[in-house]
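Good morning, and thank you for coming. Please keep the sequence and the structure in view while I speak.

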Amino acid sequence: MYPSVVTKQIQVNAAVSEVAALLHSDVEYIRYDIGQDWSGDWAIFFRIVLSDDAASRRLREVTTKAVWMLAERLDFQSMGVIPYHNFRSTSEQSVLQEAAWMPRPYPQTWV
């Protein structure tokens with residue numbers, strides 16, 4: 001069964017945009033995809049790119065804040081997804097150049 005988050009795409013996009021805007025000095029951008037995790041459960045996979053300063057000086061504070069702010073705005077349980085949060089610094093992304101982590105406009109892709 002496909003998670004109900006798909007029907008709430010506008011809400012998810014708005015929440016992600018809002019959190020990124022509120023944390024703009026520490027968070028460069030947030031991307032996400034919906035798919036099944038290793039166990040077959042539906043999940044939302046957040047990829048959050050942090051400023052180099054935030055990643056090196058305030059990593060725990062910023063990552064905790066981002067996770068909580070997303071959870072405050074999105075009811076993952078009612079959406080039928082498990083949230084996964086992955087973080088990377090701007091420098092790491094510039095070296096790795098992974099397409100899934102690149103900035104892109106909303107709406108996100110659905111796997």
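I shall begin with the protein as a whole, then turn to one helix, and end with the salt bridges.

Please bear in mind that this is a predicted model. The protein contains five helices and three strands. Following the sequence from its start, we meet them in the pattern α-β-β-α-α-α-β-α. Of the 111 residues in the protein, 39% are buried. The exposed surface comes to about 6,200 Å², and carbon and sulfur atoms supply 58% of that area. Consider also the contacts between residues at least 6 apart in sequence: 67% of these join residues at least 24 apart.

Let us now look at helix α3. Helix α3 covers residues 59-73, which is 15 residues. From its first C-alpha to its last, α3 reaches 21 Å, close to the 21 Å expected at 1.5 Å a residue.

Which residues of α3 are buried? They are V62, T63, A66, M69 and L70. These residues lie on the same side of α3, because they cover an arc of only 135 degrees around the axis. On the other side of the helix, R60, W68 and E72 are exposed. What, then, covers the buried residues of α3? The cover includes two helices named α1 (9-22) and α2 (52-57), together with α4 (76-79). It also includes the strands β1 (27-36), β2 (42-50) and β3 (82-89).

I turn next to charged side chains. As a general point, side chains of opposite charge can pair when their charged atoms come close. In this protein the count comes to eight salt bridges, and I shall discuss some of them.

One salt bridge lies in α3 itself, where E72 and R73 meet at 3.5 Å, N to O. E72 counts as exposed, at 61% relative accessibility, whereas R73 is partly exposed, with a relative accessible area of 24%.

A further salt bridge joins R88 and E98, and their closest N and O atoms are 2.8 Å apart. This pair links distant parts of the chain, with R88 in strand β3 and E98 in the segment after α5 (90-96), 10 residues apart. Is R88 buried or exposed? Its relative accessible area is 10%, so R88 is buried, the limit being under 20%. E98, at 35% relative accessibility, counts as partly exposed.

My last example is a network of salt bridges that links D26, D53, R57 and R58. Within it, R58 forms a salt bridge with D53, the closest N and O atoms being 2.8 Å apart. Both partners are partly exposed: the relative accessible area is 24% for R58 and 35% for D53.

Where is D26 found? It is in the loop between α1 and β1. D26 is buried, with a relative accessible area of 11%. A polar contact of 2.2 Å joins the side chains of D26 and R58. Setting aside neighbours within four places in sequence, D26 is in contact with V49, L50, S51, A54, R58 and V62. Please note V62 in that list, for V62 is also one of the buried residues of α3.

To close, I would ask you to retain two points. The buried residues of α3 lie on the same side of that helix. The salt-bridge network links D26, D53, R57 and R58, and D26 is a buried member of it. Thank you for your attention.

Note on methods: Residues numbered from 1 in each chain as written. Predicted model: local features only at pLDDT ≥ 70, side-chain atom pairs only at ≥ 80, totals over all residues. Heavy atoms only, no water. Helix = DSSP H or I, 4+ residues; strand = E, 2+ residues; numbered from the N terminus. Buried < 20%, exposed > 50% of the residue type's maximum accessible area, 1.4 Å probe, protein only. Contact = heavy atoms within 4.5 Å. Areas by Shrake-Rupley, 256 points an atom, 1.4 Å probe, with all protein chains shown as cover. Expected span 1.5 Å × (residues − 1). Arc of directions from axis to C-beta. Salt bridge = Lys/Arg side-chain N within 4 Å of Asp/Glu carboxyl O. Polar contact = N/O pair within 3.5 Å; in protein donor to acceptor, adjacent residues only side chain to side chain.
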